[in-house]
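Please examine the sequence and the structure shown below before reading on. The explanation that follows is meant to be read alongside them.

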Amino acid sequence: MYLSYCRSPASNKVISGEEHFSSKKCLAWFYEYAGDDEVVGPEGMEKFCEDIGVEPENIIMLVLAWKLEAESMGFFTKEEWLKGMTSLQCDGTEKLQSKFDFLRSQLNDISTFKNIYRYAFDFARDKDQRSLDIDTAKSMLALLLGRTWPLFSVFYQYLEQSKYKVINKDQWYNVLEFSRTVHADLSNYDEDGAWPVLLDEFVEWQKDRQAS
């Protein structure tokens with residue numbers, strides 16, 4: 001395969017033309033998926049996911065959206081795309097696929113994961129609502145905590161039968177803190193702590209189940 005080469009003045013290293021990021025290519029790549037309104041919407045997003053070989057509900061898509069600082073689930077604006085893909089140095093499908101391990105690795109850092117978790121709340125909620133509807137909240141919690149929190153399946157069952165129709169931001173933030181600090185047997189749960197009522201009721205519900 002023929003490779004063009006250019007010299008990087010900063011490092012004086014030889015860089016493959018295939019590796020060099022192109023804003024023009026990145027913009028053309030965006031327009032493969034964008035509609036007339038210059039936004040990648042649900043249809044374009046579906047095609048984008050197919051092309052990169054990732055299901056829309058894969059957590060990689062959430063991390064990518066976080067990297068792009070996307071405001072709304074299911075949409076990428078041109079500004080978000082260009083800014084985010086430039087920071088990732090991706091101007092095509094193969095380059096983005098080569099970043100998948102990096103994107104997954106972002107979830108392993110405690111501080112970064114917390115940022116992604118908090119981002120997910122505003123990303124997933126309807127912008128005319130201050131809270132997440134319960135079904136969306138359950139889906140996002142499954143994506144973010146389903147594989148790492150031992151009590152997740154129990155908490156999910158609790159939400160299924162609870163009176164709650166929405167999850168607010170304070171509750172959302174505290175679920176992560178709870179998952180990180182409270183033991184699976186709930187032995188160190190402080191009833192006098194500043195937990196939201198949602199979590200107090202979850203603990204009470206779970207203890208009643210264990211006692212019966």
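The following paragraphs begin with the annotated domain, continue with the pockets, and end with one helix and two individual residues.

The structure is a predicted model, and what is said of it here should be read in that light. An unreviewed UniProt entry places the feature "domain: DCUN1" at residues 22-207. Within that span, helix accounts for 61% and strand for 4%. The C-alpha atoms at the two ends of residues 22-207 are 57 Å apart.

The pockets may be considered next. Rolling a probe the size of a water molecule over the atoms shows where empty space is left. The largest pocket has a volume of about 490 Å³. It is lined by 21 residues, and those closest to its centre are F113, L143, L144, R147 and T148. Two or more lining residues come from each of the elements α3 (59-68), α7 (110-124), α8 (134-145) and α10 (169-181). The greatest contribution is that of α8, which gives four residues to the lining of the largest pocket. By class, this lining consists of twelve nonpolar, four polar and five charged residues. Both domain 1 (23-106) and domain 2 (116-211) take part, each giving at least three residues to the lining of the largest pocket.

The second largest pocket holds about 340 Å³ of space. Its lining is made up of 18 residues, and P56, E57, M61, M73 and F123 lie nearest its centre. Here α2 (42-52), α3 and α8 each provide at least two lining residues. The largest share of the lining of the second largest pocket is again that of α8, with four residues. This lining has 13 nonpolar, four polar and one charged residues. Domain 1 (23-106) and domain 2 (116-211) each supply at least three residues of the lining of the second largest pocket.

Helix α3 contributes to the lining of the largest pocket and to that of the second largest pocket, and it merits a description of its own. How many of the ten residues of α3 are buried? Nine of them are, so the helix is largely enclosed by the rest of the structure. The buried residues of α3 are I59, I60, M61, L62, V63, L64, A65, W66 and L68. Of these, M61 is also among the residues nearest the centre of the second largest pocket. At the start of α3, a side-chain oxygen of N58 comes to within 2.9 Å of the backbone nitrogen of I60. Just after the helix, E69 adopts a positive phi of about 55°.

The loop between α3 and β4 (76-77) contains E71. Is E71 buried or exposed? Its relative accessibility is 58%, and because exposed means over 50%, E71 counts as exposed. E71 and A120 are 49 residues apart along the chain, while their C-alpha atoms are separated by 9.8 Å.

A contrasting case is found in helix α11 (residues 197-211), where Q206 is located. The relative accessibility of Q206 is 6%, and because buried means under 20%, Q206 counts as buried. The side chain of Q206 is joined to that of R209 by a polar contact of 2.8 Å. An α-helix has 3.6 residues a turn, so residues three or four places apart point the same way.

Conventions: Residues numbered from 1 in each chain as written. Predicted model: local features only at pLDDT ≥ 70, side-chain atom pairs only at ≥ 80, totals over all residues. Heavy atoms only, no water. UniProt positions renumbered as here; feature names shortened; annotations may be inferred. 1 Å grid on protein atoms, 1.4 Å probe; cavity = no way out; pocket = protein on both sides within 12 Å on 5 of 7 lines; lining within 4 Å. Points joined across faces, edges and corners; volume = space filled by probe spheres on them. Nonpolar A, V, L, I, M, F, W, Y, C, P; charged D, E, K, R; others polar. Domains from an automatic or database assignment. Buried < 20%, exposed > 50% of the residue type's maximum accessible area, 1.4 Å probe, protein only. Polar contact = N/O pair within 3.5 Å; in protein donor to acceptor, adjacent residues only side chain to side chain.
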